[in-house]
Amino acid sequence: MTRPMNRAGGWRPFVLPTLLGVAATLAGVTLAGASGRLIARAALRPEVFLSLTLLVTLVRGLGVGRAGLRYAERLTGHAAALRAGEAERAALFDRVSRFGRDLLARERGGDLLARSGADLDARQFAALRVTLPLLGFAGAALLAGGWLLSLDARLGLSVLGPLLLAAALPWLARARAAELAREEARLAREHGAALLDALSASADGAAQLWAPRLDALNGQLRRVTQAQGHLQTGLTLGREALFALCFTLVLTRGLTLVEAGALGGAWLAAVVLLAASSFDALTPLALVPGAHAAAQAAQERDAELSDVQPAVTDPDHPSPLPPGPLPLTLDGVGLTRGGRDLLRGVTLPLPPGARVAVTGPSGAGKSTLLGLISRDLDPTVGQVTLGGTDLRTLALADLRARLSLHEQDAPLLDGTVAENLRLGAPHAPPERLRALLDDLGLADLPLDTWVGEGGTRLSGGQRARVSLARALLKRSDVLLLDEPTAHLDPDTEARVLRVLGRECAGRTLLLVTHRPAPLILADQVYRLQDGHLHSLPTTRKKVI
Ligand SMILES: Nc1ncnc2c1ncn2[C@@H]1O[C@H](COP(=O)(O)OP(=O)(O)OP(=O)(O)O)[C@@H](O)[C@H]1O
C-alpha cells in the first residue's frame, strides 16, 4: 500500500514554499545575469552609469528580494513541514497505541524510536528536499536556457547541454544513493536498538556482550557515511567538470558572437554569470535521490505497520455498558499462544464483589488470564463477558475504565510518584495519595520522588507498592492484581494485605499469586494447570 508523501497534511501546504523557493532560485539566476550586465556596462562606459539606474535598481531589488524570498520559503516551508509532522505524529501515535505493548513484542525499542525520529523527519521534509530542488532547477534551466536560446541557438545549447548532463548525474547515481540512504537508516535503527539493549543490560555486566556489536555497527555506519561522501564528491567533480565545459563553450561562442557584432560586449558577462548561477541551482539536486529513498523507506515501514492487525481492536459500533458493578465471566475460554494450547475450556464466574485467587506453576497462563480480561488479547474460543456482553463488542476505553490492573513487573512511567498515582485517579487530593502510601509502608517515599524510566530509581518493593497504590486509587469495579506482594518482606506483606482487604471492599477481586499469604483475601482459590482451572478448598481468615 503506498500513500502520497506527507499524507497527513497533503501537498497543499507545500505549494507556497515551493513557489517561493523556485522564485528565489530564479531571482538568483536573474540577479547573476543582471549584475554581469551592469558591471560590464559600467566598466565599458562609466560615463553612462547614471543611465543604468533601472538596471541598478533591478540588481538591488533582486539582491534583497532573493534573500527575502529565500527567507519566506524557509519560513513557510518549515512551518508546513512541521505542521505535516504534527499530523503525522498524531497519526503515528494513533497507530502505535492500537498495538499497545504488542508492538514491543513485534519490534525493538530502537525501531520504534526511529518511527517517530528519522522516519518522521524523512517524510515531513520530503517536499522540501525532493520537490523543491527539482522544481527550482527546472525553473532555472527554463529561464537561462530559454533566454540564451532566444539569443542564439548554439549559445543556448552550450549552457543547456552541460546543465542537463550535470542534472542527469544524480539521476544516474540514484540507485546507489537510495541503497546507501536505506542502509544508513537501517544501521541507525539497529544501532539505536542495540544501544537500548546494552543500557538495560548494563547492570549485570551483560552490556559487554553488546560492545562488539555496537562497535561493528559504528564501523558499518562510518563506511556507509564514507561511501555517501565519495558519491557526493564524485557528483560534485562531475558537475564542476561539466561547468568548466559549459563555461568554455559559452565563452567561445559568446566571443564569436561579440566579434560578429551579434552580441553586445556587455551582454557577454551577463550570459556567463547566468550560466554559472544556473549550475548553482543544481547543487541541491545531488541530495534528492537519497532524500527520496529515505522518505520512501520510511513510508514503506509505516505502511507495513498500518497493514498489520493488532491483537485486539476496538469495535466500530461498541455496545453500551450499563453503570454500576457488573458480573464478569470467563465462559469456556480457550487460548492458543505460541502454538501451545495455554487455556482449555476455562470457565470462571466473577459476580460483583467476588474475591478469587488463582495459583499455579510458572508459565501456566495466570497473567494471560488477566490479560484476557483487560483485553490485551482475545480468547481463541469461548468468550469473556462483562454484564453478559462479550468484551470484544465493548469499547476498549469503556472496558478498561471498569478495571484496575496491577502487573507483575509493576511498570511505572518516567515521572514523579504523584504523577504515577494520578494516572489512576487524576483528581485525588495529595492527602489521599500520601495516606495510602503511608498505609502501604511507604512513609519515607515523598510524592515528588522522580521514579526514573520504568521506575528504575525505586526498589522492587517500592515500585510494586506504588503500582498497587495506583491500581487501588482508580475507582474501578474490578481489581486485577498480579503478584501484589512480590518483593515484600513478611511484615510489609501483612501490612499490604490489610490495606488490600480494606480497599477491595465492594469490588470484584481477581488476584494471581505464587505466595500463600495473599490467598487470605480470597473467597475462592483456583489452581491453573495444563490449561484447566481446578477449584481448591479455602480457609479464609480475617486479614489482620
Ligand atoms: N507476548 C507473548 N507472546 C507469546 N507468548 C507469550 C507472550 N507472553 C507470554 N507468553 C507465553 O504465555 C505463557 C504463559 O505466560 P504467563 O505469563 O501467563 O504465565 P504465568 O502463569 O503468569 O507465569 P508466572 O507465574 O511465571 O508469572 C508462557 O509460556 C509464555 O511464554
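Of the 544 residues in the chain of this predicted model, 38% count as buried. The secondary structure amounts to 17 helices and ten strands. Contacts that reach far along the sequence are well represented: among those with a separation of 6 or more, 77% join residues 24 or more positions apart.

The UniProt record, an unreviewed entry, annotates residues 48-69, 130-149, 155-173 and 266-288 with the term "transmembrane region". Two of these spans can be set beside the model. Residues 130-149 are 100% helix and 0% strand, and the C-alpha atoms at the ends of this span lie 28 Å apart. Residues 266-288 are 70% helix and 0% strand, with 36 Å between the end C-alpha atoms.

Helix α6, which runs over residues 126-151, can be followed through its meetings with two other helices. With α10 (residues 265-280), the axes come within 10 Å and cross at roughly 155°. An angle over 145 degrees counts as roughly antiparallel, and therefore α6 is roughly antiparallel to α10. The crossing is left-handed. On the α6 side the contact is made by A140, A141, A144 and L148, and on the α10 side by V271, L274, A275 and S278.

The second partner of α6 is α11, and here the axes come within 9 Å and cross at roughly 140°. That angle makes α6 oblique to α11. Here, too, α6 passes its partner in a left-handed crossing. The residues of α6 that take part are A126, R129, V130, P133 and L134; they meet V288, A291, H292 and A295 of α11.

Helix α11 (288-306) also appears in the surroundings of α4. In α4, which covers residues 109-116, the buried residues are L112, A114 and R115. These three span an arc of only 155° around the axis, so they sit on the same side of α4. As background, an α-helix has 3.6 residues a turn, so residues three or four places apart point the same way. Which helices do the buried residues of α4 pack against? The partners are α2 (53-99), α3 (102-106), α5 (118-124), α8 (174-200) and α11.

Two individual residues offer a closer look at local surroundings. The first, L510, is found in strand β8, residues 508-512. Is L510 buried or exposed? Because 24 C-beta neighbours lie inside 10 Å, L510 counts as buried, the threshold being 20 or more. Once neighbours within four places in sequence are left aside, L510 is in contact with L350, V356, L370 and L480. In addition, L510 and V478 are 32 residues apart in sequence, while their C-alpha atoms are 7.8 Å apart in space.

The other residue, T236, belongs to helix α9, which extends over residues 207-259. With 13 other C-beta atoms within 10 Å, T236 is partly exposed, since a residue counts as exposed at 12 or fewer and as buried at 20 or more. What separates T236 from L282 in space? Their C-alpha atoms are separated by 9.9 Å, although the two residues are 46 positions apart along the chain.

Methods. Residues are numbered from 1 along each chain as its sequence is written. This is a predicted model: local features need pLDDT of at least 70, side-chain atom pairs count only at pLDDT 80 or more; totals for chains, interfaces and linings use all residues. UniProt positions are given in the numbering used here, feature names are shortened, and annotations may be inferred rather than shown by experiment. Helices (H or I, at least four residues) and strands (E, at least two) are DSSP runs, numbered from the N terminus. The arc is that of the directions from the helix axis to the C-beta atoms. Two residues are in contact if their C-beta atoms, placed from the backbone, lie within 7 Å. Axes are lines fitted to C-alpha atoms, for helices over the stretch in contact, and angles run from 0 to 180 degrees between N-to-C directions. Angles under 35 degrees count as roughly parallel, over 145 as roughly antiparallel, 65 to 115 as roughly perpendicular and the rest as oblique. A crossing is left-handed if the near helix is turned anticlockwise from the far one by less than a right angle, and right-handed if clockwise.
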